[in-house]
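Student: Could we go through this structure together, one question at a time? I would like to see the reasoning behind each answer.

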Amino acid sequence: MAQVNFIDVFDDSAIFEGSGWDALVVVATDLAHTGFDEVALLADHGAKIDHRVGKTSTLLFAPGLAGGRLIISPVKNSQDDVEDVRVFAEAARAGIKIAKEAGAKKPLLFVPKSDDLRYGFATEVAALACGQELWQALERREASGEQPAFEAIGLFNTTQASQSLNAIEAGRILARDLCGTEPERMSAPAFADYCVAAYQDSGLKVSVIEDRDVLERDYPLMSAVGRSSFAVSRHQPRVVKVEYVGEGEIEHTYFYAGKGVIYDTGGADIKVAGGMAGMSRDKGGAAAVAGLMKTISMLKPKGIRVVAELGLVRNSIGSEAFVTDEIITSHAGVRVRIGNTDAEGRLVLADLLSHLRIKAEKAVNPELFSVATLTGHVVRCFGGYTATVENSVAKQAGVAAGIAAQADAWGEPIEQSVLRREDYAKIVDPSGAADILSSNNGPSSVTARGHQYPAAFLLKASGLEAHGLTSAKPMSFTHVDIAGSATEGHPLYGSPTATPLVGLYKYMTK
């Protein structure tokens with residue numbers, strides 16, 4: 001069940017007492033120019049009594065306004081050159097938190113329009129930020145039976161944004177639940193079941209591969225990662241396949257591979273010194289893609305086809321665990337020497353991409369993507385930002401730049417990295433026994449180009465390298481590393497963000 005229900009509100013009388021709304025949350029850069037004298041006068045009077053008013057989020061007693069509550073949440077530093085629309089998100093989160101703590105059940109969110117082009121979607125971004133602030137972990141909801149904080153959130157003076165936002169938020173809730181839930185409650189089979197239930201009556205084509213013989217035959221690299229997990233039925237791997245076909249003539253086809261490592265112990269290259277904590281969040285890529293498919297199924301964009309494969313596997317320790325030095329042949333027929341069993345995510349993605357590649361060969365205008373919490377290096381380079389690495393076909397088409405433009409406008413900024421020849425040099429097997437080496441034997445965070453060169457591995461291991469600019473069937477491929485952006489707050493147990501769901505959806509439907 002969605003925790004937030006957004007409703008468009010166009011009637012000016014909604015801000016007043018008796019409208020049915022019980023709090024007015026104003027997220028503004030300038031309180032003197034909201035268009036309502038009542039708000040400006042109350043804010044001015046309040047500031048004379050409480051100097052925090054207009055500087056930080058505050059609640060004012062407001063007779064005559066909705067619910068008698070006026071929550072003023074100022075947008076800070078909006079004129080600064082380096083700021084972006086996230087300043088509205090931050091203010092909205094602070095304001096909606098006060099509304100919740102004050103006991104409101106139907107707050108009205110008011111974000112006055114800004115002339116700054118950076119803030120064209122300020123209301124929508126503020127609304128989605130409320131959803132992020134209000135989300136509660138699945139385990140907590142199931143244990144307590146906790147209901148959504150609000151009956152609804154009104155969006156004042158929007159341009160009919162609620163339908164789109166409710167669908168986006170439904171996808172984001174699914175993504176957060178999948179990413180943020182502990183590894184027993186959201187094991188690979190449970191993850192697959194949760195997706196199937198979420199997609200019921202959605203119009204999506206959904207199937208789940210669970211047979212061990214099929215997995216080992218068709219997903220050999222992923223099955224190597226999960227080799228130790230096969231012995232425990234509740235930990236056994238799954239591949240979830242999801243497809244959406246929009247109405248009308250298909251003009252573009254998008255393919256997504258999502259990394260769903262349910263829990264990453266590091267395998268035989270075991271994570272030590274507390275490094276395992278938080279590794280239940282290593283399924284953020286598959287979670288984001290799953291949520292994206294939910295949103296697509298609700299909004300039903302025309303003219304596009306979207307195909308996703310989610311690789312769900314637990315990188316377990318045990319006598320059956322795969323080990324460094326093994327040579328395993330990928331689905332694409334590429335012989336891969338394992339350099340480090342803790343570099344398991346690229347193995348999962350390579351097999352998924354190989355299957356998607358075959359489908360893309362007959363698709364209309366195909367674009368392929370991998371989405372994963374892949375490397376510590378991307379966090380070291382960019383902190384909490386998503387990064388993209390694209391092949392030459394995607395670069396020529398401006399794919400990463402297109403995603404970044406949409407993502408920036410919607411509060412999910414992205415850094416763009418470049419694939420270079422040195423990245424291919426890093427995956428050469430020095431022995432010559434294998435076609436490629438999966439990784440070195442050190443952490444990506446201390447490896448030069450640690451988040452870029454895995455894209456070279458993915459291209460080689462999946463067979464996509466044969467579909468470059470000069471090939472008979474060029475294929476656009478963009479790798480999306482969300483290791484830094486999949487969660488926020490606490491470094492181990494922070495809230496999942498569902499990033500980059502919004503940016504990807506807006507890119508596909510621009």
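Tutor: Gladly! Let us start with a term: helices are DSSP runs of H or I with at least four residues, and they are numbered from the N terminus. By that naming, Val-196 sits in helix α6, which spans residues 188-198. Please keep in mind that this is a predicted model.

Student: Thanks! Which residues form a nonpolar patch on the surface with Val-196, and what is their accessible area together?
Tutor: Start with Val-196, which is partly exposed because its relative accessibility is 40%. The patch joins Val-196 with Val-206 and Val-208. Together the three have an accessible area of about 170 Å².

Student: Now the sheet: which are the edge strands?
Tutor: Eight strands make up an open sheet with mixed pairing, in the order β7-β8-β10-β9-β13-β17-β14-β15. An edge strand here pairs on one side only, and that holds for β7 (205-209) and β15 (414-418).

Student: By how many degrees are neighbouring strands of this sheet turned against each other on average?
Tutor: Direction is ignored for this value. The average turn between neighbouring strands of the sheet is 20 degrees.

Student: Which residue in β17 is the bridge partner of Val-389?
Tutor: Strands of a sheet pair through backbone hydrogen bonds, in a parallel or an antiparallel way. Here β14 (residues 386-390) and β17 (residues 476-481) are antiparallel, with four bridges between them. Within β17, the partner of Val-389 is His-479.

Student: What angle does helix α16 make with β9?
Tutor: Let us take another helix on the way: α9 (residues 284-299) lies across β8, β9, β10 and β13, at about 140 degrees to β9. Helix α16 (residues 501-508) also packs on the sheet, where it touches β9, β10 and β13. Its direction and that of β9 make an angle of about 165 degrees.

Student: Is helix α15 largely enclosed or open, and how many of its residues are buried?
Tutor: The cut-off for buried is under 20% relative accessible area. Among the buried residues of α15 are Tyr-453, Phe-457, Leu-458 and Leu-459. Just after this helix, Gly-463 has a positive phi of about 85 degrees. Helix α15 (residues 453-462) is largely enclosed by the rest of the structure, because the buried residues number nine of the ten.

Student: On to charges: which residue meets Arg-212 in a salt bridge?
Tutor: In an α-helix there are 3.6 residues a turn, so residues three or four places apart point the same way. Arg-212 and its partner both belong to helix α7 (residues 212-218) and are four residues apart, about one turn. Arg-212 counts as partly exposed at 37%, and the partner also counts as partly exposed, at 35%. The N to O distance is 3.0 Å, and the partner is Glu-216.

Student: Is Asp-218 buried or exposed?
Tutor: The side chain of Asp-218 meets that of Arg-217 in a salt bridge of 2.8 Å, N to O. Arg-217 is exposed because its relative accessible area is 57%. Asp-218 has a relative accessibility of 17%, so it counts as buried.

Student: Finally, how many salt bridges does the count come to?
Tutor: One of them joins Glu-146 and Arg-140, at 3.0 Å from N to O. There is also a network of salt bridges that links Arg-93, Glu-133 and Glu-488. The count comes to 27 salt bridges.

Key. Residues are numbered from 1 along each chain as its sequence is written. This is a predicted model: local features need pLDDT of at least 70, side-chain atom pairs count only at pLDDT 80 or more; totals for chains, interfaces and linings use all residues. Side-chain values use heavy atoms; hydrogens and water are left out. Two strands pair if DSSP finds at least two bridges between them. Helices (H or I, at least four residues) and strands (E, at least two) are DSSP runs, numbered from the N terminus. Axes are lines fitted to C-alpha atoms, for helices over the stretch in contact, and angles run from 0 to 180 degrees between N-to-C directions. Contact means heavy atoms within 4.5 Å. Patches are made of residues with over 30% relative accessible area and no salt bridge: like charges are joined within 9 Å, nonpolar side chains (Val, Leu, Ile, Met, Phe, Trp, Tyr) within 5 Å. Accessible areas come from the Shrake-Rupley method with a 1.4 Å probe; for residues, only the protein chains shown count as cover. A salt bridge is a side-chain nitrogen of Lys or Arg within 4 Å of a carboxyl oxygen of Asp or Glu. Buried means under 20% relative accessible area, exposed over 50%, partly exposed in between (1.4 Å probe, protein chains only).
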